[in-house]
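The following exercises concern the model displayed below. Each task is followed by a solution that proceeds step by step.

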Number of protein chains: 2
Amino acid sequence: MSKVKNISGFPEWLPKHKLVEDGLILQISKLFKSYGFTPIETPAVELKSTLSSKGVIDKEIYLLRRALADSSDKDDEELALHFDLTVPFARYVAQHYNELTFPFKRYQLQKVWRGERPQRGRFREFYQFDIDIIAREVLPIACDAEVLAIIDQAFKLMPIGPSTIRLNNRKILLGFYESINLDSKLQKEVLIAVDKLDKIQIAGVEKELEKLSITREQISSILKATELRCGRSDVSRLTSSLGCNHPLYLEGVEEMQQIMNLLPEANVLFDLSLARGLDYYTGSIFEIALQDHPEYGTVSSGGRYENLASEFINKKLPGVGVSIGLSRIMDLIVKKGLCDQSRLSPTELLVTVYNEEQRSKANAVAQEARNCGMNVEVFLSSPKLGKQIEYADSKGIPFVAFIDENTRAIKVKEMSTKNETTVENIREWCTGKAFE
Amino acid sequence: MSKVKNISGFPEWLPKHKLVEDGLILQISKLFKSYGFTPIETPAVELKSTLSSKGVIDKEIYLLRRALADSSDKDDEELALHFDLTVPFARYVAQHYNELTFPFKRYQLQKVWRGERPQRGRFREFYQFDIDIIAREVLPIACDAEVLAIIDQAFKLMPIGPSTIRLNNRKILLGFYESINLDSKLQKEVLIAVDKLDKIQIAGVEKELEKLSITREQISSILKATELRCGRSDVSRLTSSLGCNHPLYLEGVEEMQQIMNLLPEANVLFDLSLARGLDYYTGSIFEIALQDHPEYGTVSSGGRYENLASEFINKKLPGVGVSIGLSRIMDLIVKKGLCDQSRLSPTELLVTVYNEEQRSKANAVAQEARNCGMNVEVFLSSPKLGKQIEYADSKGIPFVAFIDENTRAIKVKEMSTKNETTVENIREWCTGKAFE
């Protein structure tokens, strides 16, 4: 007999948790669709050459090979599992460019794979939930605001407490670095150092900066800038506190102001310490953290970029997007028990069966309730009723129906209250019951 | 710049088709849930030893290897992509046995991968949609009927014309083979030969049978049996035509009769030529084909088995289940254009924007419509209205709203009829609109 065991890094949920995950997926997908984002899906598998087109990513990917590969395979290009949804999306837009309408708004929920070493205990397979808006040539700033409004609403749908969106703008950072005469070659390294603030604190960032060939004054300006936070009402501090008048800096501040004006309700905080590691981003950058679960760090992040698919197509396609780490969030919900765990199935009503002669009638009653939108099981054999009720109880099924053998009236019992209702037909009972 | 091209065998849909696929997935999932089936999901990746526990499958699987594998990887067991959902499901049930409630009814929709040679032009990544009912020790015959009722309804949800369920029972076949004194070692080979009937016709099956060491009379009886078909009304032909009284045969006929009695509405045909290759099945076996698209062959199949997970756990877990080849069906829908292709996004209403000062008002109107359940886009910049209407037209968005700059009344235009309605607020217009 084969041993059965977990492979670390490949999460798998019990039915009670998968029901919660599916509920979240459904609600978030509905939200994305309510803003006109259309679903797309790319294969899990891409050419290795496609995945590496943005630079060195080899250490994180899984390559595929046929178990019985033979000499006929050798001309086949190397295949690999995608490690994010951004590169496949860029390839998709380039490949289907002439069949898409721009601005193109898409959402994409898929598993991604990372070839981590197993002992590190990190996810090697997990869900990402991405949205992006891609335009041709020019991407209006309203797009940044829309993506932020949606992500704010998405987090309000999840049972994980309040979230905070930290927002910054690469133009502000780079404009500021220019204004203190930081060499453009060093700016990227400074961004990478500042990006580590949450992990290594201010003293750690200072040490990292000291390794670079920049002056004491520059370090002190950079560190001072990381302390600047402001809400919607005091954006003016961005221009007063740092005394920076570099045109790029002011352009970034203006963009932030416009975005904030379009977000009257979202919980967004300007945070000058937010840097994001990737040099991909060119304007807005943002990260979402959970106020009650700081140890989970950043559970979602995104930003604006100038060109989605320059590796694949000779068109300028600026975009803005955000990615939600759904599996990390589910891990949090499961580990902290932040969901209803009483329902082990979607079933709302169990129709009991006294004997096999009654099964067709029970099936008909169940079908009527299904036609009213209910999820209904008919007990699949006909043991004593006590055993059937026990089954409903163990699965968290909220209602149980009993069909009278003589009158054919239906008695429905609510499991939690033990209340009983008797009806002529099940439609009567279903009316007004609104599940899901 | 990287070349962008299709990798054969890895299908990918345009947005208009992905919307159709998502609609089918939603409807079929709802159907499964309406019978109390609960969703589960297993990782795409299993240990190679798990996947091969049922026998030789090596030629079909993809193995994984880290792109930068080094000596620290060598103790890691080999990982592979699952090639179906049955083996992972068996592993799941064994692994979580103590946390599941039986009978366990689950559905599972996931991609599976087959390490086919690319030149064969077959799918190497595709969706399967499976349901199974698993019981402890004894699985009531009502389960077979329920699975057949569901699959019949599932096919009625798809825009692919009428389908036929062909039903047989391994007990009937094996009881019949016993009654003609066919050696039990040969029975499996006879099943495999008969299973090829659709591909090689009766003469081909005859040739295959002639290769086995069985008599002329046995061959003639086997071939005669493959001709027997009957509907719900003439099940009696099963006992009269073949004159077989073997107890196993009669048991199978009795099971078929019970199943049919519980399926007053499904389009099911007994077909004695149906054999199914796998020796896994022990009772009901069935296949679904499409009347209007015979060239697509079997698009769904299933049956009853005595033991789901004997390789992984020392428990008797009989089950019955069915698998739908969703990607094959989508391929059919796309190739034959069997769906509405006018909608390129889920958007139902576009709110136009005269100028950027009006954007906040437009956002508020859109949000009100979203709260009424509509999918709404606000145009993301503010060019001439003609350009905005053109966008709605090119994306197949059915309604466009214009907010009067002075009165703030809202005019909604139906794109197909050019009819216009003016309302005080958008909620008024949304009432009674029922999309999705």
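**Exercise 1.** State in which sense strand β3 of chain A and strand β3 of chain B pair, and over how many bridges.

Solution. Strands here are DSSP runs (E, at least two residues), helices are DSSP runs (H or I, at least four residues), and both are numbered from the N terminus. Two strands pair if DSSP finds at least two bridges between them. In this predicted model, β3 of chain A (residues 62-66) and β3 of chain B (residues 62-66) run antiparallel and are joined over 5 bridges. Within this pairing, the residue opposite A:Arg65 is B:Leu63 in β3(B).

Two conventions apply throughout. Residues are numbered from 1 along each chain as its sequence is written, and chains are lettered from A and ligands numbered from 1 in the order in which they are written. As the model is predicted, local features need pLDDT of at least 70, side-chain atom pairs count only at pLDDT 80 or more, and totals for chains, interfaces and linings use all residues, while side-chain values use heavy atoms, with hydrogens and water left out.

**Exercise 2.** Determine which rotation superposes chain B on chain A.

Solution. The copies are superposed by least squares on the C-alpha atoms of residues with pLDDT of at least 70 in both. The result is a rotation of 180 degrees with a shift of 0.0 Å along the axis, at an RMSD of 0.1 Å. That is the relation of a two-fold axis. Among the residues of chain B, B:Leu64 comes closest to this axis, its C-alpha lying at 2.5 Å. Next, consider the surfaces: 100% of the interface residues of chain B are also interface residues in chain A, so the copies meet through the same surface.

**Exercise 3.** Describe the contact between chain B and chain A by its residues and its buried area.

Solution. Begin with the residues in contact (heavy atoms within 4.5 Å): chain B contributes 107 residues and chain A contributes 107 residues. Then take the buried area, which is the accessible area (1.4 Å probe) that two parts lose on being put together, summed over both. The value is about 8700 Å², and carbon and sulfur atoms give 58% of this area. B:Glu12, B:Glu41 and B:Leu380 supply 9% of the area that chain B buries against chain A, more than any other three residues.

**Exercise 4.** How many salt bridges link chain B and chain A?

Solution. A salt bridge requires a side-chain nitrogen of Lys or Arg within 4 Å of a carboxyl oxygen of Asp or Glu. There are 10 salt bridges between the two chains. One of them joins the side chains of B:Lys18 and A:Glu41, at 2.8 Å from N to O. As to secondary structure, helix α1 (residues 15-34) gives the most to the side of chain B that touches chain A, namely 9 residues.

**Exercise 5.** Identify the edge strands of the sheet of 9 strands in chain A.

Solution. First, write the order of this open, mixed sheet: β1-β5-β6-β12-β11-β10-β7-β9-β8. The edge strands are β1 (38-39) and β8 (229-230), each pairing on one side only. Further in, β7 (residues 163-169) and β10 (residues 281-290) of chain A pair in the antiparallel sense over 7 bridges. A:Asn169 has A:Ser284 in β10(A) as its bridge partner.

**Exercise 6.** Is the peptide bond from A:Phe102 to A:Pro103 cis or trans?

Solution. The bond is cis, with omega near -5 degrees. A:Pro103 belongs to the loop between α3 (86-95) and β5 (104-113) of chain A. In chain B, the bond from B:Phe102 to B:Pro103 is likewise cis, with omega near -5 degrees.
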